[in-house]
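Subject: Structure handover

Hello,

Here is the structure I promised to pass on. Please open it alongside this note, which goes through what I found.

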Amino acid sequence: MAAARPELSLSLQFADPAHRAELPRHKVQRWIRAALDELPAEITVRIVGEEEGRALNREFRGKDYATNVLTFDYAHEPVVVADLVLCAPVVAREATEMKLPLADHYAHLLVHGTLHAQGFDHEQDDEAEAMEARETEILLGLGLHDPYTKV
């Protein structure tokens, strides 16, 4: 008997529509649900351009560059509530550099962001090891690559 899928309320926004075809709602839902523990979630995924990504990273993290994914987590329980902001140009560059299909890299970053939304972190070595192991387990379960193994 398959485990029940966590309830997910998803808002999918495209400020940068360049990758809309790579991110159909059913795939985004599948990737996020795979990373959710048993709690229900309300998650907004926003795909942005370089300018918005840089502004958000500068304002909220004090880093003056666009990064691949930002997680704004507001609650971990009884409902996971978070915004995941992915910067389309950065994601595309990274996918090209790693020779990965664009959708696979988005899947990894959505899993990564969803884990952050539930309190996972990678600031300390032991935290990073636990988070990377969980990401790998989820991505392999989805039939995707291990993001921490060099190809």
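Ser9 sits in strand 1, which covers residues 8-14. This is a predicted model, so please read everything below in that light. Ser9 counts as partly exposed, because its relative accessibility is 44%, and the partly exposed class lies between 20% and 50%. Leaving out residues up to four places away in sequence, Ser9 touches Ala41, Glu42 and Ile43. Gln29 is 20 residues from Ser9 in sequence. In space, the C-alpha atoms of Ser9 and Gln29 are 9.0 Å apart.

Now the overall picture. The protein has 5 helices and 4 strands. Read from the N terminus, their order is β-α-β-α-β-β-α-α-α. The radius of gyration is 15 Å. That agrees with a compact globule, because 151 residues packed that way would have a value near 15 Å. Along the principal axes, the C-alpha atoms fill a box of roughly 45 × 35 × 35 Å.

How much of the protein is buried? Buried residues make up 45% of the 151. Contacts also reach far along the chain. Among those with a separation of 6 or more, 60% join residues 24 or more positions apart. The accessible surface is about 8500 Å², and carbon and sulfur atoms account for 49% of that surface. As for charge, there are 15 positive and 27 negative side chains. The centres of these two sets lie 8 Å apart.

Next, Asp64. Look for Asp64 in the loop between helix 2 (50-61) and strand 3. Asp64 is partly exposed, with a relative accessible area of 42%. Its contacts, not counting residues up to four places away in sequence, are Arg54 and Arg58. Gly53 is 11 residues from Asp64 in sequence, and their C-alpha atoms are 9.7 Å apart.

Two backbone details deserve a look. Most peptide bonds are trans, and most residues other than glycine have a negative phi. The bond from Glu77 to Pro78 is cis, with omega near 5°. Pro78 belongs to the loop between strand 3 (69-75) and strand 4 (80-87). The other detail is at Lys99, which is not a glycine yet has a positive phi of about 55°. Lys99 is in the loop between helix 3 (88-98) and helix 4 (102-117). Is Lys99 buried or exposed? Lys99 is exposed, because its relative accessible area is 75% and the cut-off for exposed is over 50%.

Helix 4 comes next. Its 16 residues should span 22 Å at 1.5 Å a residue. The end C-alpha atoms of helix 4 are 22 Å apart, so the expected span and the model agree. How many of the 16 residues of helix 4 are buried? The count is 16 of 16, so helix 4 is largely enclosed by the rest of the structure. Gly119 follows helix 4 and has a positive phi, near 100°.

Helix 5 takes in residues 125-141, 17 residues in total. From first C-alpha to last, helix 5 reaches 24 Å, close to the 24 Å expected at 1.5 Å a residue. Which residues of helix 5 are buried? They are Ala128, Met131, Arg134, Glu135, Thr136, Ile138 and Leu139. An α-helix has 3.6 residues a turn, so residues three or four places apart point the same way. The cover over the buried residues of helix 5 includes helix 1 (25-35) and helix 4. Just after helix 5, Gly143 takes a positive phi of about 80°.

Last, Leu142. Leu142 lies in the segment after helix 5. Leu142 counts as buried, because its relative accessibility is 13% and buried means under 20%. Setting aside neighbours within four places in sequence, Leu142 is in contact with Arg30, Trp31, Ala34 and Val111. Asp121 is 21 residues from Leu142 along the chain, and 22 Å separates their C-alpha atoms.

Best wishes

Notes: Residues numbered from 1 in each chain as written. Predicted model: local features only at pLDDT ≥ 70, side-chain atom pairs only at ≥ 80, totals over all residues. Heavy atoms only, no water. Helix = DSSP H or I, 4+ residues; strand = E, 2+ residues; numbered from the N terminus. Rg over C-alpha atoms; globule rule 2.2 N^0.38 Å. Buried < 20%, exposed > 50% of the residue type's maximum accessible area, 1.4 Å probe, protein only. Contact = heavy atoms within 4.5 Å. Areas by Shrake-Rupley, 256 points an atom, 1.4 Å probe, with all protein chains shown as cover. Lys, Arg positive; Asp, Glu negative; His and termini not counted. Charge placed at Lys NZ, Arg CZ, Asp CG, Glu CD. Expected span 1.5 Å × (residues − 1).
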